Amino acid sequence: MVRRVAVVAGGHSKFGKRYDATMRELTAEAYKPIFDEGITQDKIDATVLSYAASQFTGQGAGSALMADYIGLQNKPHLRCESACATGTASLRAAWGMVASGLYDVMLVLGVEQMNRVSSATATEYMSRAGDMRWEYPYGISFPAFYALMASRYMSEYNMPHDILAKIAVKSHHYGAQNPKAHLPKEITFEEANSAIPICRPLNLYDCSLITDGAAGVVIAAEDRVKEFTDRPMWIKGIGAGASDNMIQDRPSLTSIPGAKYAAKAAYKMAGLEPKDMDMAEVHDCFTIAELIAYEDCGFAEPGKGREIVENKENYHDGRIPVNCDGGLKSKGHPLGATGISMTYEVLKQMRGEADKPSRQIDDVKHGFVHNVGQSGQFVNCFIYERGW
Amino acid sequence: MAEKKELYLGYTTDKAITPFFQEFLENLDEDRLMKSVCTSCGEEYLPPRQHCQKCLSEAKLTEMTEREATLYSYVIVDFAPETLSSKQPYVVAIGEFPSGLKLTAHITNLTDMPTVGMPLKLGFAKEGEGKMITYRWLV
């Protein structure tokens with residue numbers, strides 16, 4: 001028997017260069033608001049406490065450290081790793097444990113502490129997620145994988161860089177209104193379109209940030225939900241997908257096959273369609289990734305994602321508001337926290353608790369989360385439904 | 001078999017050299033690019049795999065005869081991972097051979113911006129007293 005499962009609470013640390021904290025303190029910062037809502041340690045049966053890469057800190061077996069620091073040292077815990085999709089992989093694992101009846105109430109918390117090493121070293125660590133034998137020897141950094149998609153996309157669809165710059169402008173517009181964002185500042189189109197190159201055709205403002213941060217949510221089985229909230233967010237659909245490990249082996253670079261599959265599976269499980277979504281949080285590790293996500297998630301036909309940008313349909317009052325928290329681009333991208341941060345944002349939007357009216361999406365009944373690991377090797381999509 | 005020659009592919013620090021990979025490198029050292037062909041189902045792999053992805057049978061190294069390709073996609077790496085910082089900027093390209101096999105490598109002799117669809121030729125190069133060897137793309 002599969003039980004219905006809801007997200008009942010969430011917490012979020014400040015994202016940024018957090019030299020004042022390590023993964024311990026960040027974990028506490030994300031759990032504290034949940035604790036303050038009354039979900040104390042004794043109410044939690046088990047946890048999934050995750051981070052994507054231990055290289056950044058040197059700390060091994062970090063989930064034990066995280067559990068111990070927030071007083072959950074005696075509750076069963078585990079860590080899930082799926083690169084940048086670690087957060088939603090953790091949530092997918094926890095959903096299975098609650099839906100199956102193994103546990104009733106679980107804390108799922110993701111963290112990453114990335115700024116204790118230089119940008120060049122961080123870039124080096126992330127490039128090792130490529131094939132160590134065949135890709136790594138050619139210095140294909142994480143932005144380089146997405147630049148390979150961008151070059152191909154721009155050529156196949158004859159698209160100028162302008163479209164990508166407009167996505168960056170939108171991300172920073174909303175990040176500037178999010179007090180938890182890493183880089184909360186507005187940028188102009190000219191700045192976004194002519195910033196210093198990082199991996200051409202991608203420039204500085206096409207790239208997400210190297211961020212420290214944490215986010216957590218609590219999920220509960222349907223017959224326990226009322227103990228915690230009268231505003232639950234039901235997990236209505238989950239889809240997961242995967243893609244060829246080497247990017248050259250993909251049948252297309254204008255789409256992420258695993259994301260298309262994951263989105264389709266999530267819609268099928270939810271019994272809903274893209275047009276039913278009132279908002280989306282998509283994995284904009286790079287502006288091109290956001291554009292491709294519009295198409296992979298079904299919000300635009302292949303090659304037509306640019307119309308969403310040109311018509312500003314992705315703004316908070318548009319047809320399909322996307323990343324109105326600033327996204328990975330402006331809010332920041334602490335790898336293991338990102339998928340949970342997206343989930344937190346959907347919960348906040350649904351509850352009408354966005355920080356400012358100027359980024360509050362009206363009447364969110366259904367929200368979509370699209371979280372991609374590496375360059376598409378791991379993808380999780382979630383569909384949430386308002387439960388009140 | 002002759003004494004094992006110390007060889008590395010491209011700018012790697014990975015020293016996980018297996019007998020299969022060593023054979024690939026020794027061929028590359030003599031300007032031969034090897035694909036692998038499954039001994040059971042005939043599937044071809046570039047870069048080569050020792051085990052067929054489809055049937056897990058052994059795949060044997062076989063010389064690529066194709067020399068010309070077209071540029072499938074590219075990136076100009078302006079900000080490199082730490083180990084390649086001294087080489088930036090450099091251009092990484094996926095080239096597609098007429099057979100459909102693809103190869104990811106640097107283009108080393110560009111004088112102008114690369115474009116998708118432009119013709120590429122397979123080349124070879126050595127560095128570091130000949131221990132660091134690679135295939136590369138030329139325009």
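Analyst: Helices here are DSSP runs of H or I with at least four residues, strands are E runs of at least two, and both are numbered from the N terminus. By that naming, Asp31(B) lies in the loop between α1 (19–29) and β2 (34–38) of chain B. Keep in mind that this is a predicted model.

User: Okay, Asp31(B): is it buried, partly exposed or exposed, and how do you know?

Analyst: Count the neighbours: Asp31(B) has 13 other C-beta atoms within 10 Å. Buried takes 20 or more and exposed takes 12 or fewer, so Asp31(B) ends up as partly exposed. Its phi is near 60 degrees, a positive value in a residue other than glycine.

User: Why would anyone flag a positive phi?

Analyst: Because most residues other than glycine have a negative phi. Leu56(B) gets flagged too, with a positive phi of about 65 degrees although it is not a glycine.

User: Where is Leu56(B), and what makes it buried or exposed?

Analyst: Leu56(B) is in the loop between β3 (44–45) and β4 (59–63) of chain B. It has 10 C-beta neighbours inside 10 Å; the limit for exposed is 12 or fewer, so Leu56(B) counts as exposed.

User: And Asp317(A), how does that one get its label?

Analyst: Asp317(A) has 12 other C-beta atoms within 10 Å. The cut-off reads 12 or fewer, so Asp317(A) is exposed. Its place is in the loop between α10 (305–310) and α11 (327–330) of chain A. As a distance check, Asp317(A) and Ile219(A) are 98 residues apart in sequence and 29 Å apart in space, C-alpha to C-alpha.

User: Which peptide bonds are cis?

Analyst: One joins Arg200(A) and Pro201(A), with omega about 15 degrees. Pro201(A) is found in the loop between β5 (197–200) and β6 (202–203) of chain A. Another joins Gln88(B) and Pro89(B), with omega about -5 degrees. Pro89(B) lies in the loop between β5 and β6 of chain B. They're picked out because most peptide bonds are trans.

User: Switching to helices: what makes you call α5(A) and α9(A) oblique?

Analyst: The axes of α5 (residues 142–156) and α9 (residues 287–296) of chain A come within 9 Å and cross at roughly 60 degrees. Roughly parallel needs under 35 degrees, roughly antiparallel over 145 and roughly perpendicular 65 to 115. The crossing angle of roughly 60 degrees fits none of those, so α5(A) and α9(A) are oblique to each other. The crossing is left-handed.

User: Which residues make that contact, and how do they divide by class?

Analyst: Tyr146(A), Met149(A), Ala150(A) and Tyr153(A) come from α5(A), and Ile288(A), Ala289(A) and Ile292(A) from α9(A). Ala, Met, Ile and Tyr are on the nonpolar list, so the contact has 7 nonpolar, no polar and no charged residues.

User: How covered is α9(A)?

Analyst: Mostly covered: 10 of its 10 residues are buried. Among them are Glu290(A), Glu295(A) and Asp296(A). After the helix comes Gly298(A), whose phi is positive, near 90 degrees.

User: What about α3(A) and α12(A), how do they pack?

Analyst: Helix α3 (residues 86–99) and helix α12 (residues 335–350) of chain A pack at an angle of about 65 degrees, with their axes 5 Å apart. The α3(A) side of the contact is Thr86(A), Gly87(A), Thr88(A) and Leu91(A), while α12(A) brings residues including Leu335(A), Gly336(A) and Thr343(A). Gly and Thr fall in the polar class, and the contact comes to 4 nonpolar, 7 polar and no charged residues.

User: How do you know whether chain A agrees with a compact globule?

Analyst: With 388 residues, the rule gives a radius of gyration near 21 Å; chain A has 19 Å, so it agrees. The C-alpha trace spans about 55 × 45 × 35 Å along its principal axes, and 62% of the 388 residues count as buried. Chain A comes to 12 helices and 11 strands.

User: Last one: how many residues of each chain are in contact with the other?

Analyst: 29 residues of chain B are in contact with 27 residues of chain A. On the chain B side, β5 (68–77), β6 (90–96) and β7 (102–107) each supply at least two residues, and the largest share, 6 residues, comes from β5(B). By class, that side has 17 nonpolar, 7 polar and 5 charged residues.

Terms used. Residues are numbered from 1 along each chain as its sequence is written. Chains are lettered from A and ligands numbered from 1 in the order in which they are written. This is a predicted model: local features need pLDDT of at least 70, side-chain atom pairs count only at pLDDT 80 or more; totals for chains, interfaces and linings use all residues. Axes are lines fitted to C-alpha atoms, for helices over the stretch in contact, and angles run from 0 to 180 degrees between N-to-C directions. A crossing is left-handed if the near helix is turned anticlockwise from the far one by less than a right angle, and right-handed if clockwise. Two residues are in contact if their C-beta atoms, placed from the backbone, lie within 7 Å. The radius of gyration is taken over C-alpha atoms; the globule rule is 2.2 Å times the number of residues to the power 0.38.
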